[in-house]
Each structure stands twice: as C-alpha cells, then as structure tokens.
Amino acid sequence: MSLVKELRESSGAPILDCMKALSDEEVKGNIKAAYAWLRKKGISKASSLNNRSANEGLIGIKNDGKKGIIVEVNCETDFVARTESFHDLVANAISTAKYIDEVHMQIPKVQNVLDSEVPNTKHCFREMLADSIGAIRENISLKRIDTISASHDGVLASYVHGSYLPGRNMGRSGALISLKYIGKRNDAKDMLQDIAKKLAMHCVAAKPRYLCKNAIPDSDILQEKEILKEQLKNSGKSQIIQDKIIEGRTNNFFSETTLKGQNHMIVDGNPKVETYLQKMGHELNGTIEILDFVRYEVGGK
C-alpha cells in the first residue's frame with residue numbers, strides 16, 4: 001500500500017488508477033514505470049484537476065495561405081495564458097493538427113490531436129498536456145479545432161486580437177476567412193488579400209455567428225422567435241402588433257448575427273459588409289464571394 005500512496009502523491013492520480021498502474025504486467029510494481037503508465041493513459045496530476053473550471057486561455061492560428069487551422073486551449077488563469085510555456089503548448093497543438101491534416105490526410109479533431117504524436121517529439125499531445133498540468137498545477141484542456149481551405153482562385157486571411165507575446169499568432173480572439181474572386185484581373189490577388197484581412201478583423205470585432213441567413217439552422221431561428229414571443233407575452237399589445245415586432249426583431253437578428261448581413265463594416269464609411277464586397281468586386285472588375293469563416297473567442301462556444 002505504501003507504493004500506492006507514493007504514486008498517488010507524486011502523480012495526483014486517483015487511488016484506483018494508481019493500483020491499476022502498479023499491478024500492470026509490464027509495470028510489475030516499479031514506481032517509475034507506473035508513473036509512465038499513468039502518463040500514457042492521460043491520467044496523473046491531470047485527473048485531480050480536470051473538474052476545475054478553465055475559462056481562460058489562448059486562441060492560436062496557423063495560416064499558410066492554403067489551409068488555416070484555429071485552436072482554443074484553455075487554462076484557469078490569465079497569468080498562465082500569458083506564459084511562454086503555455087504559448088508553446090498551443091503551438092504544439094497547432095503543429096499536431098497540421099501534421100494530421102497533411103500527413104494522415106484526416107480532419108483534425110480534439111480527440112485525434114490528443115492521441116497523435118507531436119511532430120519532432122516522442123510524445124503524444126495528451127502526454128504533453130498532462131505534463132503541463134502537472135507542472136503548472138492548473139486544469140488545461142484542448143477545447144476545439146477548426147480548419148478552412150483557400151480555393152484555387154481565392155485567398156485565406158487570418159487575424160488575432162489580444163496577443164500577449166510578440167511574434168506569436170495567438171491571443172484572446174481570432175478569425176479565419178476564405179474569399180473567392182471571380183474575374184479576369186491577374187493582379188487581383190494582392191488586393192483580395194487586403195480585403196480578406198479587413199474582413200477577418202471585422203469578424204473578430206463584430207462577432208458574426210453565421211455566414212448568411214440561409215446558414216442559420218431552423219432551430220436557432222425558432223428559438224429566437226420563441227424568446228421574442230415570451231418577451232412580448234404580457235406587453236398588452238395586440239397580436240398583429242406583436243407579430244410585426246417579432247418580424248422586425250427577427251430581421252435585426254439576421255443582420256446582427258450573419259457576416260454578410262452585418263452593418264457597419266470596419267472600414268471608411270462603415271458600409272454594410274455585403275455592400276463593401278460589391279464595391280470591391282466592382283473595383284476588381286469581377287465579384288468577391290465569402291466561402292467560409294470561423295471565429296473563436298476564449299471561453300466561447
């Protein structure tokens with residue numbers, strides 16, 4: 001029992017897991033081998049902390065012009081999020097996701113990143129995460145990952161806001177956006193890249209949730225209307241007036257939450273996003289289309 005106690009104190013793992021580790025056929029009661037067994041299983045100190053709230057962290061982005069990867073890694077405190085070691089952990093999550101995408105030709109997801117070996121190391125990301133938890137003594141988790149690709153005739157842009165360390169493409173919020181140009185100007189790409197960058201910055205600031213009205217799930221629209229109905233239920237207004245108010249506020253919901261429908265693009269004149277795209281497309285003697293975008297904010301859904 002003394003070995004179990006020693007392993008429990010050094011690893012922070014639950015007693016049952018310590019007993020399993022020490023009784024494993026390959027471990028044979030060796031304390032160092034048992035600790036390694038716990039690490040491989042993603043147990044150790046991480047298990048004693050994983051019920052603690054982790055709402056701080058970083059958004060990290062890798063954009064090579066063809067494929068963009070965005071990740072969110074959470075920790076408990078802003079102090080840890082600012083450290084270089086935490087930035088390195090986020091970078092390892094990104095490089096692992098990139099390896100999965102390029103070498104294994106799979107879509108990077110939280111689970112396969114956790115289970116995959118970090119490039120140029122002999123450790124899977126789950127082990128690296130457990131080591132960081134043990135060293136920092138905070139709950140740390142890989143929350144989410146998304147990827148976006150550029151079309152052959154388009155561009156991919158990214159923007160990160162609220163960075164802590166210079167030269168690291170990581171911060172409190174970030175966005176990736178993919179644009180397509182339909183036209184015959186051979187010199188359009190540089191201008192298109194600038195447009196995409198401004199749109200990525202707009203995404204971070206204006207917080208769109210959907211690309212366009214048609215991209216909103218029916219369930220989200222229904223939920224919004226139910227909320228509006230509940231708010232007006234005891235208003236004393238006639239049903240006809242209530243229906244008109246609901247229609248107007250639902251249209252506001254569309255314009256506030258969809259990227260293409262948003263007003264006040266963050267450029268000179270503050271045009272509507274759709275108007276800005278039309279204007280810039282006209283300047284390029286063609287049309288510009290937003291293919292996809294993704295926006296992350298620390299602690300978001």
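Is the crossing of α2 and α3 right-handed or left-handed? It is right-handed, that is, the near helix is turned clockwise from the far one by less than a right angle.

Before you click around, note that this is a predicted model, where local features need pLDDT of at least 70, side-chain atom pairs count only at pLDDT 80 or more, and totals for chains, interfaces and linings use all residues. Residues are numbered from 1 along each chain as its sequence is written, and side-chain values use heavy atoms, without hydrogens and water.

**First stop: α2 and α3**

Select residues 15–23 (α2) and 31–40 (α3): their axes, 8 Å apart, make an angle of about 120°. The pair is therefore oblique (neither under 35 degrees, over 145, nor 65 to 115). Now show Asp17, Lys20, Ala21 and Leu22 of α2, which meet Ala34, Trp37 and Leu38 of α3 (heavy atoms within 4.5 Å). This contact has 5 nonpolar, no polar and 2 charged residues.

**Next stop: α8**

Move on to residues 125–136. The end C-alpha atoms of α8 lie 16 Å apart, in agreement with the 16 Å expected for 12 residues at 1.5 Å a residue (1.5 Å times one less than the number of residues). Colour its buried residues, including Phe125, Met128, Leu129 and Ile133 (under 20% relative accessible area, 1.4 Å probe, protein chains only). Just past the helix, pick Arg137, whose phi is positive, about 65°.

**Last stop: α10 and α11**

Finish with residues 218–232 (α10) and 239–257 (α11), whose axes come within 10 Å and cross at roughly 135°. That crossing is right-handed. Among the contact residues, look for Ile221 and Leu228 on α10 and Ile245 and Phe253 on α11.

Notes:
Helix = DSSP H or I, 4+ residues; strand = E, 2+ residues; numbered from the N terminus. Buried < 20%, exposed > 50% of the residue type's maximum accessible area, 1.4 Å probe, protein only. Axes fitted to C-alpha atoms, helices over the stretch in contact; angles between N-to-C directions. Nonpolar A, V, L, I, M, F, W, Y, C, P; charged D, E, K, R; others polar.
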